[in-house]
Amino acid sequence: MRDADRGFTPGGGAEPAAATAATTATAGHTPGTETITAAPGLTIEVEWPDEPDPDRSSAIKAFADDFTAQWRAVGTLGKDTSYIKGIDVKSPAIRDAIAWVRNFLDDKESARGVAKLYALRVPAVVGRGAEVDGCVDLTGVRLTDQEGTPLARQPTWLKRPRAVFLQTAGLVHDADGGWRIRLYRYADHSDERAKECLR
């Protein structure tokens, strides 16, 4: 179920903010770009939208926190496992997230650089569930060995057009009222919705 009056526009139709935004005491953030250090040499730039609805805002925050926490796990060589806290452990998402992090660890790889998350929106809230969409740009990320030295050959998924895509998550309210990820979906550069992520 989609809200027909909330059409998708990267960045919510606003120009990207240049300044770093401070977080508020509520579940939401002030609109603008926040730079978060996930691990040494690895940062996440989140462009927080102007979302006045507190329920939608908290769903967006859960989505962005999960994205950041998974990169933190990669950047800390698996030492930080906080990403598990934001995922429904009975869902397919937990298996997908663990496998994604494990791939880096098994290959003795890490990452450095800047991953960007923008055009965050909630196209639907139905009962206890919600969908959150966000554009991802990984063109600023480089795979490294575990000592932080960039690999001589970088994978194609870190280069245009594959490095810019739409990520969607299905979330559910848990017993304490917080949002947890239950399902991940991706739309690559050939998908019409992903094309809207290009800048």
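**Exercise 1.** Is Trp157 buried, partly exposed or exposed?

Solution. The model is predicted, local features need pLDDT of at least 70, side-chain atom pairs count only at pLDDT 80 or more, and totals for chains, interfaces and linings use all residues. Residues are numbered from 1 along each chain as its sequence is written, and side-chain values use heavy atoms, with hydrogens and water left out. Buried means under 20% relative accessible area, exposed over 50%, and partly exposed in between (1.4 Å probe, protein chains only). Trp157 has a relative accessible area of 28%, so Trp157 is partly exposed.

**Exercise 2.** Classify the aromatic pair of Trp100 and Phe104, and place both residues.

Solution. Rings of Phe, Tyr and Trp (its six-membered ring) pair if their centres lie within 6.5 Å; planes under 30 degrees apart count as stacked, over 60 as edge-to-face and the rest as tilted. The structure holds five such pairs. For Trp100 and Phe104 the values are 5.0 Å centre to centre and 70 degrees between the planes, which is edge-to-face. Helices are DSSP runs (H or I, at least four residues), as are strands (E, at least two), numbered from the N terminus. Both residues belong to helix α2 (residues 92-106), and because they are four residues apart, about one helical turn separates them. Trp100 is partly exposed at 27% relative accessibility, whereas Phe104 is buried at 4%.

**Exercise 3.** Describe the pair of Phe104 with Trp157.

Solution. The centres are 6.3 Å apart and the planes make 80 degrees, again edge-to-face. Trp157 sits in the loop between β4 (129-145) and β5 (164-173), 53 residues from Phe104, so the pair links distant parts of the chain. Trp71, Trp100, Phe104 and Trp157 form one aromatic cluster.
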